[in-house]
Amino acid sequence: MGSAMEPPGSAYLHLGAVTSPVGTARVLQLAFGCTTFSLVAHRGSFTGVQGTFCMAAWGFCFAVSALVVACEFTRLHSCLRLSWGNFTAAFAMLATLLCATAAVLYPLYFARRECPPEPAGCAARDFRLAASVFAGLLFLAYAVEVALTRARPGQVTSYMATVSGLLKIVQAFVACIIFGALAHDSRYGRYVATQWCVAVYSLCFLATVAVVALSVMGHTGGLGCPFDRLVVVYTFLAVLLYLSAAVIWPVFCFDPKYGEPKRPPDCVRGSCPWDSQLVVAIFTYVNLLLYVVDLAYSQRIRFVPSL
């Protein structure tokens, strides 16, 4: 008797999960990911916040990629109560961003041409350079998956595979960078106006995460209102909110009446509130642009929540 999961007589294992273009990209992700964090763990070193972030990013991406390949290969993903297409598309975009960040941070903080002092010596330098190369290859492998699975014009697909869905992941990622800068002595509590900006970042972040979560869980059809219309309305409101923050934050941080127009000379690099305020300002404009592009794309998407 045939299983409810698969048509009668179908094979239990799905070879296309590892032989298709997307499957090949995922196998390369596992190979490059395992190689990268093995090199770093063996002799490459990952001390400090930056090294810990890189190892956490590579470990997380490897673990989830292994789960995706295992579920695809054994066809167990049909047993999961989530939209598999939305889940894999969202994860691929998130992994691309994480690995891109790690591929920049690790060489920047750990890879040097000169050899470290003994006992590490030149062997440690070589391991770090090799890890940096494989970190770049890992980023490319995830970027290739995003490119292969991204929805084409006129194609009916899952929401997270559309440009609008992928932008949601980028928006949430940029918001996390903003929160990190805010927490690093940005002095946002000095004025009600800057507190309003923090409220804008938080509200838009939570709404974006809610859109992604509803899509991944496959619950977009039970909202009592067309999901695509809700997305357009929310994105329009997010544009207006970020536009207000893009005006208010620079005024209250860099205008001479409220803040410092230039970096104070006595401000220590790495622990300077002005630097954190600048990072927030830059990524506020980045997210504003992302929401504007998202609004343009979200008005012409076609997707199926259950894919």
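This passage describes an internal cavity, the third helix and a loop residue in a predicted model.

Rolling a probe the size of a water molecule over the atoms shows where empty space is left. Applied here, the search yields one cavity of 30 Å³ or more. The largest cavity holds about 40 Å³ of space. Its lining is made up of Arg26, Gln29, Ser65, Val68, Thr88, Phe91, Tyr142 and Glu145. Two or more of the lining residues come from each of helix 2 (21-44), helix 3 (48-74), helix 4 (84-110) and helix 5 (121-149). By character, this lining splits into three nonpolar, three polar and two charged residues.

Helix 3 deserves a look of its own. With 27 residues, helix 3 spans 39 Å between its first and last C-alpha, close to the 39 Å expected at 1.5 Å a residue. The buried residues of helix 3 begin with Gly51, Cys54, Met55, Ala57, Trp58 and Cys61, and continue with Val64, Ser65, Val68, Val69, Cys71 and Glu72. Ser65 and Val68 thus appear twice in this account, being buried in helix 3 and also lining the largest cavity. Just beyond the end of helix 3, Arg75 adopts a positive phi of about 65°.

Turning to the loop between helix 5 and helix 6 (163-183), one finds Thr157 there. Is this loop residue, Thr157, buried or exposed? Thr157 counts as buried because its relative accessible area is 10%, and the cut-off for burial is under 20%. Along the chain, Thr157 and Asn86 are 71 residues apart, while their C-alpha atoms are separated by 9.1 Å.

Notes. Residues numbered from 1 in each chain as written. Predicted model: local features only at pLDDT ≥ 70, side-chain atom pairs only at ≥ 80, totals over all residues. Heavy atoms only, no water. 1 Å grid on protein atoms, 1.4 Å probe; cavity = no way out; pocket = protein on both sides within 12 Å on 5 of 7 lines; lining within 4 Å. Points joined across faces, edges and corners; volume = space filled by probe spheres on them. Helix = DSSP H or I, 4+ residues; strand = E, 2+ residues; numbered from the N terminus. Nonpolar A, V, L, I, M, F, W, Y, C, P; charged D, E, K, R; others polar. Expected span 1.5 Å × (residues − 1). Buried < 20%, exposed > 50% of the residue type's maximum accessible area, 1.4 Å probe, protein only.
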